[in-house]
Amino acid sequence: MASRYYRLTEDLDIPGRWRLGAPVDPLGQTVNPWQFTKGNSIQLDAVLKMPVSMGGKPLDFTLAELDIPVIKPHVAAILSELAPGDVQLIPVEIDSQAGAHRILVATRLVRCIDDSASEEVRHWKPEDGRPEKVGKYRAVSGMRIDPAKVGDAKVFRTWGWTIALVVSEDIKEALERAGVTGMKFQEVTGPSVISPEERERNRRLIELREQTNAARQAFWRTLGQLDDEVIIPIVVGGNWPARRQSWRVIHRPEGRTLLVTDGLSDFFVDRAEPSVGFGLELALETDEPLKDAEKSWPLLLLERVADELAEHERVREKAKTGFLSMEVAGQGMPDLLLTKEGRVGVLLGMESSTLPRSFTMPAGEVRLVSVKVTLPSELA
């Protein structure tokens, strides 16, 4: 019978559980947290401490900040007995807790992810601009591993996707018999969770997404310095074509900042075929310094305008072909922009001397619609 393996994560459904921060040295300085999850042993001279970032019920197994596994001594004893060559157990002191806990470091890194059996995998490519990551996994969902490639490892991390901590079936059963709290196991062996038809559809969606992203990103770079460090977190769901809402930040000459939607021209995910979605993207340019674009009022305004266009085809078509004014909710906006009704007016589609009217994607032309905020007197 083939061996069975399980991904070990924290049970987030436990009510009132505590949360732990990153480990610090005796001087209170945070130590490099990434070293604990790379799949190799490490050397530390100092005795570490770990703060409780949110009080609550202590667990036998906890994933601290950046998914660092922290376990109680009796859990460490089980792992030391069953997998002595696979783990390094680093003492760590936690305030208000008697006895030293241990940081669990898996010292085995195994190249065993089964790309063909996993639900979805994406790899880093040279064009992604991260040469140190090329060939490794950028995303893995529905992970499956090939047991034949594991060898004698019982606790290990997966090569190229070290976020995954995997244990053998006998380790899982021993921990369950001991009643260890805080653990959740997800099998990563056995038949694929999706059908061949679903896999082919996912493959096609990934291909379309990569083509679309590459073409749009290439265009954004013609408008200025695309900020690769500031990618506004994607919102999944809503009425956008690919059910994902995203925004990018572009730095322009003379300290100006261009905020753009990044997904209104996505393909329609329900159809899984090439298209330019709604056929437009929005652009709002400001000379106001934005220290945190994600929390700025210009981005909030852009989000609200995008929501209106995504929900109303009539408004979209007007924005694609001409020029129009509209109003959106004014919560969170500067007072000088608010009308008596507490709303903010914008003009869509004004011609710009510094921005092109449209750009070309693999599936067709996309209109770049400018968004300009108006003062109440101008709106009137």
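## Close-up views of a predicted model

**Strands β12 and β13 run antiparallel and are joined by four bridges.** The model shown in this and the following views is predicted. One of the facing pairs is Val155, which stands opposite Val167 in β13. The two strands, β12 (155-158) and β13 (161-168), make a hairpin in which two residues lie between them. In the turn, Gly160 has a positive phi of about 80 degrees. On its other pairing, β12 is joined to strand β9 (residues 109-110) by two bridges, and these two strands run parallel. Leu109 has Arg157 as its bridge partner in β12.

**The side chains of β12 point two ways, and the four residues named here are buried.** In a regular strand, side chains alternate between the two faces of the sheet. In β12, Val155 and Arg157 point one way, while Phe156 and Thr158 point the other way. Val155 also appears in the hairpin pairing, opposite Val167, and Arg157 in the pairing with β9, as the partner of Leu109.

**An open sheet of five strands has the order β3-β7-β8-β6-β5, with mixed pairing.** The edges are taken by β3 (48-50) and β5 (61-64); each has a single partner strand, so one side of each has no neighbour in the sheet. On average, neighbouring strands of this sheet are turned by 40 degrees against each other, with direction ignored. At one edge, β3 is joined by three bridges to strand β7 (residues 87-94), and the two run parallel. Within this pairing, Leu48 has Val92 as its bridge partner in β7. Helix α1 (residues 73-82) packs on the sheet and touches β6 (68-71), β7 and β8 (101-106). The direction of α1 makes about 105 degrees with that of β6.

**Helix α2 (residues 169-177) has buried residues that include Ile171, Lys172, Ala174 and Leu175.** These four lie on the same side of α2, because the arc they cover around the axis is only 165 degrees. An α-helix has 3.6 residues a turn, so residues three or four places apart point the same way. Which elements cover the buried residues of α2? Among them are the strands β1 (5-10), β12, β13 and β14 (183-187), together with helix α1. Just after α2, Gly179 takes a positive phi of about 70 degrees.

**Helices α1 and α2 pack with their axes 11 Å apart, at an angle of about 150 degrees.** Angles over 145 degrees count as roughly antiparallel, so α1 is roughly antiparallel to α2. The crossing of the two helices is right-handed. Where they meet, α1 contributes Val75, Ile78, Leu79 and Leu82, and α2 contributes Asp170, Ile171, Ala174 and Leu175. Of these α2 residues, Ile171, Ala174 and Leu175 are also named among the buried ones. Helix α1 thus appears in two settings: it packs on the five-stranded sheet, and it meets α2.

**Leu66 and Arg243 each have a positive phi of about 60 degrees although neither is a glycine.** Most residues other than glycine have a negative phi. Leu66 is placed in the loop between β5 and β6. Is Leu66 buried or partly exposed? Leu66 is partly exposed, as its relative accessible area is 36%. Arg243 is found in another loop, between β15 (225-236) and β16 (244-251). Arg243 counts as partly exposed, with 35% relative accessibility.

**Thr257 lies in strand β17 (residues 257-261).** The relative accessible area of Thr257 is 7%, under the 20% limit, and therefore Thr257 is buried. With neighbours within four places in sequence left aside, Thr257 is in contact with Val249, Ile250, His251, Leu284, Glu285, Thr286 and Leu290.

**The whole chain has six helices and 22 strands.** The C-alpha atoms fill a box of roughly 75 × 50 × 35 Å, taken along the principal axes. Of the 380 residues in the chain, 45% are buried. Among contacts in the chain with a separation of 6 or more, 62% are between residues 24 or more positions apart.

Notes. Residues are numbered from 1 along each chain as its sequence is written. Side-chain values use heavy atoms; hydrogens and water are left out. Two strands pair if DSSP finds at least two bridges between them. Axes are lines fitted to C-alpha atoms, for helices over the stretch in contact, and angles run from 0 to 180 degrees between N-to-C directions. Contact means heavy atoms within 4.5 Å. Buried means under 20% relative accessible area, exposed over 50%, partly exposed in between (1.4 Å probe, protein chains only). The arc is that of the directions from the helix axis to the C-beta atoms. Angles under 35 degrees count as roughly parallel, over 145 as roughly antiparallel, 65 to 115 as roughly perpendicular and the rest as oblique. A crossing is left-handed if the near helix is turned anticlockwise from the far one by less than a right angle, and right-handed if clockwise.
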